Amino acid sequence: MLLPALAVIGGLVLLVWSAERFVEGAAATSRRLGVSPLLIGMLVLGFGTSAPELMVSALAAGQGNPGLALGNAYGSNIANIGLILGLVALASPLSVHSGVIRRELPLLGGVTLLSALLMWGGVIGRMEGSLLLALLAAFILFSILQARRAGPDALAAETEESLAVKPMSLKAGLVWTLVGLLLLIVSSRILVWGAVAIAQGFGVSDLIIGLTVVAVGTSLPELAASVSALRRGEHDLVLGNVVGSNLFNTLGVVGLAAVIRPIEVGSEVLLRDWSLMAVMTALMVVFAMGWRGRPGRINRLEGAVLLTLFLGYMLFMVRLVVLSGSA
């Protein structure tokens, strides 16, 4: 069990480092090629931080562990909202100014509801996976068109500031994008092997490991990006990263994994994991959109609510692992 544990730890460390290099390189390359800051903030940064989830889930599905793929995607969504937004809002209340994010939040809610319908039959097949990927492609096209027509937006301004912190030449951006991508693949293989071995050793499903250890680990790039943005006061970039990442996880990560290998979904996923993800998504939407005339803002109390839900869920999942190990 020592070697799989080391593989998970080492794989996660390399995964986080390579994901940061990949996102920085891709963002810098996009900027040098003339992509607008708004589009970089909407797609490159938001989706790029989900590259670990995509790699891990695709490899897990290809190796016959689709439960790990699904757990990684939904567990990461729960961690993004509860751990990342919860911690960040506790440190500093988040004000939401971006009209783009306000339009994406209801879309995330709709996509979350759709995912429940697709799981209702007990399996997410290749057809359902193709539908999710098609919706992702449509969203990307919509975002490109929207970015061309959009006027000044807080997300664009904050992305411009973020890119100015670590300027790169086109050559450097391309190199780091390629290096980050290659190391993402290597670290994902190491992590998946270790996670599956640990799941088998403890006698628990790969879904449980995906929802806990792997999900939190692959969410670390989002946490690092959010803390960095918070230090610069870029509140919309923090929320934009979480919303973009959760959209990509729900559509792209689950969709690709299901196309590679159909995912069997037990009733506990819908009742336990999806339900919590849906509740936390709804709370994030209500908090960030504003209500009763209050402007969009996630304050410390609301951040504490999100973090408490996440910690309660993690404790419950740890208890499941302990009970499985003692059975």
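This is a short talk on how the helices pack and where a few chosen residues sit in one predicted model.

Hi everyone, thanks for coming. Please keep in mind throughout that we are looking at a predicted model.

Let's start in the middle, with the nonpolar core. The largest one has 97 residues, and the members that touch the most other members are Tyr-74, Leu-85, Leu-239 and Met-284. Which helix gives the most to this core? That is helix H4, residues 66-91, with 13 residues.

Let me stay with Met-284 for a moment. Setting aside its neighbours within four places in sequence, Met-284 is in contact with Leu-239 and Leu-85, and also with Ile-81, Leu-105, Leu-108, Val-242 and Val-243. If you have the structure open, that is a nice residue to click on.

Now to the helix pairs. As a reminder, two packed helices are described by the angle between their axes and the distance between the axes.

The first pair I'd like to show is H1, residues 2-32, with H8, residues 170-202. Their axes come within 6 Å and cross at roughly 155°. Angles over 145 degrees count as roughly antiparallel, so H1 is roughly antiparallel to H8. The crossing of these two helices is left-handed. As for what the contact is made of, it has 24 nonpolar residues, ten polar ones and two charged ones.

Next come H10, residues 220-231, and H11, residues 235-260. Here the axes come within 7 Å, and the crossing angle is roughly 165°. H10 and H11 are therefore roughly antiparallel to each other as well. What is the hand of the crossing of H10 and H11? For this pair, the crossing is right-handed. From H10, the contact uses Glu-222, Ala-225, Ser-226, Ala-229 and Leu-230, while H11 brings His-235, Leu-237, Val-238, Asn-241 and Ser-245. Sorted by class, that contact of H10 with H11 has five nonpolar, four polar and one charged residues.

H11 also has a partner in H6, residues 126-149. Those two helices pack at an angle of about 140°, with their axes 7 Å apart. The crossing of H6 and H11 is left-handed. On the H6 side, the contact residues include Arg-126, Gly-129, Leu-133 and Phe-139, and on the H11 side they include Phe-248, Leu-251, Gly-255 and Ile-260. The class count for the contact of H6 with H11 is 13 nonpolar, five polar and one charged.

Let's move on to some single residues, and I'll begin with two glutamates. Glu-104 is in helix H5, residues 99-119. Is Glu-104 buried or exposed? Its relative accessible area is 6%, and the cut-off for buried is under 20%, so Glu-104 is buried. From Glu-104 to Ser-143 is 39 residues in sequence and 9.8 Å in space, C-alpha to C-alpha.

Glu-161 sits in helix H7, residues 154-165. With 44% relative accessibility, Glu-161 counts as partly exposed. Its C-alpha atom is separated by 8.6 Å from that of Arg-232, and these two residues are 71 residues apart along the chain.

Then there is Leu-271, in helix H12, residues 267-289. Leu-271 has a relative accessible area of 67%, and over 50% counts as exposed, so this leucine is exposed. Between Leu-271 and Leu-15 there are 31 Å from C-alpha to C-alpha, and they are 256 residues apart along the chain.

I'll finish with Arg-297, which belongs to strand S4, residues 297-298. At 36% relative accessibility, this arginine counts as partly exposed. How many residues apart in sequence are Arg-297 and His-97? They are 200 residues apart in sequence, and 8.9 Å apart in space, C-alpha to C-alpha. And which residues does Arg-297 touch, not counting those up to four places away in sequence? Those are Pro-93, Leu-94, Ser-95 and Val-96, together with Phe-287, Ala-288 and Glu-302.

That's my tour. Thanks for listening, and I'm happy to go back to any of these spots on the screen.

Methods:
Residues numbered from 1 in each chain as written. Predicted model: local features only at pLDDT ≥ 70, side-chain atom pairs only at ≥ 80, totals over all residues. Heavy atoms only, no water. Core = buried A, V, L, I, M, F, W, Y, C linked by side-chain atoms within 4.5 Å. Buried < 20%, exposed > 50% of the residue type's maximum accessible area, 1.4 Å probe, protein only. Helix = DSSP H or I, 4+ residues; strand = E, 2+ residues; numbered from the N terminus. Contact = heavy atoms within 4.5 Å. Axes fitted to C-alpha atoms, helices over the stretch in contact; angles between N-to-C directions. Parallel < 35°, antiparallel > 145°, perpendicular 65-115°, else oblique. Left-handed = near helix turned anticlockwise from the far one by under 90°. Nonpolar A, V, L, I, M, F, W, Y, C, P; charged D, E, K, R; others polar.
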